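Subject: Structure for you to look at

Dear colleague,

I am handing over the structure below, and I would be glad if you read the notes with it open in front of you. They begin with one term and then go through what was found.

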Amino acid sequence: MNFRDLGGYQNREGKKVVSGKVLRSAQPVGLAEADKNILVNNYQLKKIIDFRSQKEVVEKPVDTFIGCGLSEY
């Protein structure tokens, strides 16, 4: 599972991202159920924002996470 917590990064105003609130990953695809459960239960994953191209999404659709929304850009 290749997710990274962006907590601790500082914005231009000097405020820091709260740890455990924003995660990033190359592509949330092919995860084991146990890993999905960790993301949903331990990190309270609520939404996936997918910035991949339409071609990439078609080739490897995002895994389904129970109770989690998806936005594609």
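By a nonpolar core I mean a set of buried Ala, Val, Leu, Ile, Met, Phe, Trp, Tyr and Cys residues joined through side-chain atoms within 4.5 Å, where buried stands for under 20% relative accessible area. Please keep in mind throughout that this is a predicted model.

In that sense, the largest nonpolar core consists of seven residues, namely Leu31, Leu39, Leu45, Ile48, Val62, Phe65 and Cys68. In soluble globular proteins, nonpolar side chains tend to be buried together. One member of this core, Ile48, is in contact with Val62, Phe65 and Cys68, and also with Pro28, Gly69, Leu70 and Ser71, once neighbours within four places in sequence are left aside.

As for the overall layout, the chain contains two helices and four strands, and these follow one another from the N terminus in the order β-β-α-β-α-β. The C-alpha trace spans about 40 × 25 × 20 Å along its principal axes, and of the 73 residues in the chain 21% count as buried. Among contacts with a separation of 6 or more, 32% are between residues 24 or more positions apart. The accessible surface of the chain comes to about 5600 Å², and carbon and sulfur atoms account for 51% of that surface.

The largest pocket holds about 550 Å³ of space, and its lining is made up of 21 residues, with Leu23, Leu45, Lys47, Ile48 and Ile49 lying nearest the centre. Strand S2 (23–25) and strand S3 (47–50) each supply at least two residues of this lining, and S3 gives the most, with four. Sorted by character, the lining residues of this pocket are eleven nonpolar, four polar and six charged. Ile48 therefore deserves a second look, since this residue belongs to the largest nonpolar core and is also listed among the residues nearest the centre of the largest pocket, with buried meaning under 20% relative accessible area for every core member.

Lastly, is Lys36 buried or exposed? This lysine is found in helix H1 (residues 33–42), and Lys36 counts as buried because its relative accessibility is 11%, which falls under the 20% cut-off. Not counting residues up to four places away in sequence, Lys36 touches Leu31, Asp63, Thr64 and Phe65. The C-alpha atoms of Lys36 and Gln54, by contrast, are separated by 23 Å, with the two residues 18 apart along the chain.

With best wishes

Notes: Residues numbered from 1 in each chain as written. Predicted model: local features only at pLDDT ≥ 70, side-chain atom pairs only at ≥ 80, totals over all residues. Heavy atoms only, no water. 1 Å grid on protein atoms, 1.4 Å probe; cavity = no way out; pocket = protein on both sides within 12 Å on 5 of 7 lines; lining within 4 Å. Points joined across faces, edges and corners; volume = space filled by probe spheres on them. Nonpolar A, V, L, I, M, F, W, Y, C, P; charged D, E, K, R; others polar. Buried < 20%, exposed > 50% of the residue type's maximum accessible area, 1.4 Å probe, protein only. Contact = heavy atoms within 4.5 Å. Areas by Shrake-Rupley, 256 points an atom, 1.4 Å probe, with all protein chains shown as cover.
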